[in-house]
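Biologist: Please put the model up, and I will ask as we go.

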Amino acid sequence: MKKGIVIVFAATLGLAACNNFKKGEGDMTYKIYKSEGKPKIQEGDYVKLNAVQSIETKTNGDSTLVNTYDNERPAFFPIGKPMFKGDMVAALKLLGEGDSAVFKLNLDSMAKYSGQPKPTGSKDNFSTFTVKIEKVLHKVANEADSAFEKKKRDFFESEYKVLIAKNKGAEDGKIKKYISENSLTTKTTASGLQYVIGAPGNAERASLTDTIVINYTGQFTNKKGNGKINVFDTSDEKIAKEAGIYSPSAQYAPRAMPLGQLPQGFIEGVQLIGAGGKVKIILPSKLAYGENGGGPINPFTPLVFDIELKQIIKSTASAK
């Protein structure tokens, strides 16, 4: 399902009155958008899905907590036993492959049984999930657990290979689209790094053995479903809050990092400026996290960083 359809879903949900939702188990309510008429999901099945989870806040309207479309990575969900009446398992069992729906689940129950803290600032006691079931691997009756576990591994590996191939084929187009949409005039290094220098800084340049002190924001080339930039990491507290990735335990201030331990493209970008300089760099995946990815970063994913170099701390070795 394309991200635009998710936005339509969200808009439809916002306009729909509560009486348009059906009553499910426990406190769960739901609305089916599309039904392909295929066999419903059962306990023991393995599901590939895309989903958007949001809450309605007291101050800022809808707040998105999870969006697999923004991450360009579907979730793989094993269907176990329900934790409580009206949980996500109960919701998914109303659907089959190709189906899509919206569910409202009780936040108190979710927090109690999942062990995860309840989101702060919610207007009511429900979280909304917009779900699209991409594929279902059904567990056959009397099938040995070991045989099904192998089928699950094969299924996941097959689907992941498709994801990798899709990302690899789309990478160049993503970079070109980002540059075009943001009206950037970039320069390109021999390695393929594209950059725009906002301020050159002083004449000093960092060496691999130095420690750099920087402010930075890292984002994906695709925008979020709400049209905002798709930030995955930042040293700026305001940007983190706006992007929905704020963490109370994070350090929101200029960060000190050993230059030589950073991705190749990041190193090259920092070395284009001196202390006091600013640069935007666009890294093809070969200069970032490559064909394996890492954390929230998928394989073959180009990245964008806005960097402000505050200070270069010379190592003993480079100072000699």
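Biologist: Which residues are buried in helix 5?
Modeller: In helix 5 (a DSSP run of H or I, at least four residues, numbered from the N terminus), the buried residues, under 20% relative accessible area with a 1.4 Å probe and protein chains only, are Phe148, Lys152, Phe155, Glu159, Leu163, Asn167, Glu171, Lys174, Ile175, Tyr178 and Ile179. This is a predicted model in which local features need pLDDT of at least 70 and side-chain atom pairs 80 or more, while totals for chains, interfaces and linings use all residues. Numbering runs from 1 along each chain, and side-chain values use heavy atoms, without hydrogens or water.

Biologist: Where does helix 5 bend?
Modeller: The bend is at Ala170, by about 45 degrees, taken between axes fitted to the seven residues ending there and the seven starting there. Ser183, which follows helix 5, has a positive phi, near 50 degrees.

Biologist: Changing topic, how many cavities of 30 Å³ or more are there?
Modeller: There are two, each a set of 1 Å grid points where a 1.4 Å probe fits but cannot get out.

Biologist: What lines the largest cavity?
Modeller: That cavity holds about 80 Å³, and its lining, meaning residues with an atom within 4 Å of a point, includes Asn167 and Lys174. Helix 2 (68–71) and helix 5 (145–181) each supply at least two lining residues, and by class the lining has three nonpolar, six polar and three charged residues.

Biologist: And what lines the second largest cavity?
Modeller: Its space is about 40 Å³, and Tyr178, Phe220, Thr221 and Asn222 are among its lining residues.

How values were computed:
1 Å grid on protein atoms, 1.4 Å probe; cavity = no way out; pocket = protein on both sides within 12 Å on 5 of 7 lines; lining within 4 Å. Points joined across faces, edges and corners; volume = space filled by probe spheres on them. Nonpolar A, V, L, I, M, F, W, Y, C, P; charged D, E, K, R; others polar. Buried < 20%, exposed > 50% of the residue type's maximum accessible area, 1.4 Å probe, protein only.
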